[in-house]
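Subject: Structure for your review

Dear colleague,

Please find below the structure I am handing over to you, followed by a short account of what was found in it. I would be grateful if you would read the two side by side.

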Amino acid sequence: MKGIRQLAEHLDISIGTVSRALNGKPDVNEETRKRVLAAAEQLGYVANQSGRSLRQGTTNVIGLMIQSSRETVENSDNFFLTVTGGLQSVFSRHKLDLIMLPCPHDEDPYEYLKRMVARRIVDALIISETQRVDKRFDLLAKAKIPFAALGRSLSGTQHPWADLDFDGVANAAVDRLVAHGHRRIAVSAPSSDINLGFIFVDGYRRALERHGIAYDPALVIRAKSSEQGGYQVADELLGLENGPTAVILIYELMAIGFYRRVMEAGIIPGRDIAVVSFREAPRAKFLQPALTCFRTSVHDLGVELAEILLSNMPAYSQEYPRKTRQTVWPLELIPGESDAFQLTAKK
C-alpha cells in the first residue's frame, strides 16, 4: 500500500474521510474510524510524513545536539541516555520524535549547527555542553528556531536552559570538608572551555573565601573528565610540595583513576586523603571506601528540560504556561566513607 489514495479506493470512501479518521478528527463516525485504522494496519499503509511536513510546515521532530567523541562514548555512564528518556517521556505526549545530532569531535559545533539549521530537519533544538561564550545561542535566536540548552552560558542570558547545580555542589562539598578540619582542598576541573567547569571553580573559590581560606591556583587541576583524567589529577597533586588533604572531583568516574594513582603511592582514600565526587555513578559505586557524592534524578532533569522547551514553542506553550524558563537542578549530598575521617592536627 503506497498512499492514502489507494487506501481510500480499497475502502470505497473519500480521501478526506480517510485522512480525518487517521488523524483522529472528531467529525468521523467511530465505526468508520475503526474500519479505516484496521484496513491501514492490514494493508501496511504508512503516512507520507515528508509530504505532511511540507504542507504543515513542521517536522514533529526535536533535535538533541551532543558532542561525539571517544571520551563521550566511553565515559557517558548513561547520563545522556537517561536524559533522553526523560525528554522522550514528555515529547511522546505530543507525538513528537527525538533525534540525536552528534557533532564530530573534530568539527566546530557552531559550523555543525549552522548546517543543521540550514536543512531545517527539526522543529526545535536542545543543545548541550555549552561553552563559556557560545555562539550557538545567537545563531538559533536569529534563525527563530525554538531551543533550550542543557547548561548555561554567558551568551544568550535570556534564553531557556536547565543545568545541574554545580555551584551548590562546590559549596556543599567545601563546607563538609572544612567541617572535618581540612584547609588544603583541591578541585578538578574540565580541560575544555565547557561552562560548567567555570561555574564549579567559581563556586569553589567563593566557598573557600567564606571560610577564610586563601585560593591557591595550584590546587585546581584541569584534566579530561574520565578515569584517566582522575589518574592525572592524583599524579599532579602528588607532585606538589604542599599537597592537599582533600579533593573534590568534577566528574564521578574520575574517582576510579584517582583511587588507583594515590593507592600506588601508598595513600589510602578515606584515611590519608578525603575524596568527594560530583554525581553518583553506577560504575563508581563499587569503589572502596564508598564515595561521598551527590545524587539527582537525571530522568527528571530531562523531563524539566523538555517542558521548558515546549513552553517556548507556540504550538505547545499554552500547556506549560507557568514553566520557569531557566532552572538550576538540585543535587542531594550522599555521605560515604571516602571523606568521613576527621583531620588530625599533624595533617
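A search for disulfides across the whole structure, which is a predicted model, returned 0. Two cysteines may be of interest to you in this context. Cys-103 is buried, its relative accessible area being 0%. Cys-293 has a relative accessibility of 7% and therefore also counts as buried, as the cut-off for that class is under 20%.

I turn next to the sheet. An open sheet is formed by 6 strands, with mixed pairing, and their order is S7-S6-S8-S9-S10-S12. The edges are occupied by strand S7 (220–223) and strand S12 (332–334); each has a single partner strand, so one side of each is left without a neighbour in the sheet. On average, and with direction ignored, neighbouring strands of this sheet are turned by 20 degrees against each other.

Within the sheet, strand S6 (residues 185–190) pairs with strand S8 (residues 246–249) in the parallel sense, over 3 bridges. Ala-186 has Val-247 of S8 as its bridge partner.

Two helices lie across these strands. Helix H10 (residues 195–210) lies across S6, S7, S8 and strand S9 (274–279), and runs at about 165 degrees to S6. Helix H11 (residues 227–238) lies across S6, S7 and S8, and its direction is at about 145 degrees to S7.

Yours sincerely

Methods. Residues numbered from 1 in each chain as written. Predicted model: local features only at pLDDT ≥ 70, side-chain atom pairs only at ≥ 80, totals over all residues. Heavy atoms only, no water. Pairing = 2+ DSSP bridges. Helix = DSSP H or I, 4+ residues; strand = E, 2+ residues; numbered from the N terminus. Axes fitted to C-alpha atoms, helices over the stretch in contact; angles between N-to-C directions. Contact = heavy atoms within 4.5 Å. Disulfide = S-S within 2.5 Å. Buried < 20%, exposed > 50% of the residue type's maximum accessible area, 1.4 Å probe, protein only.
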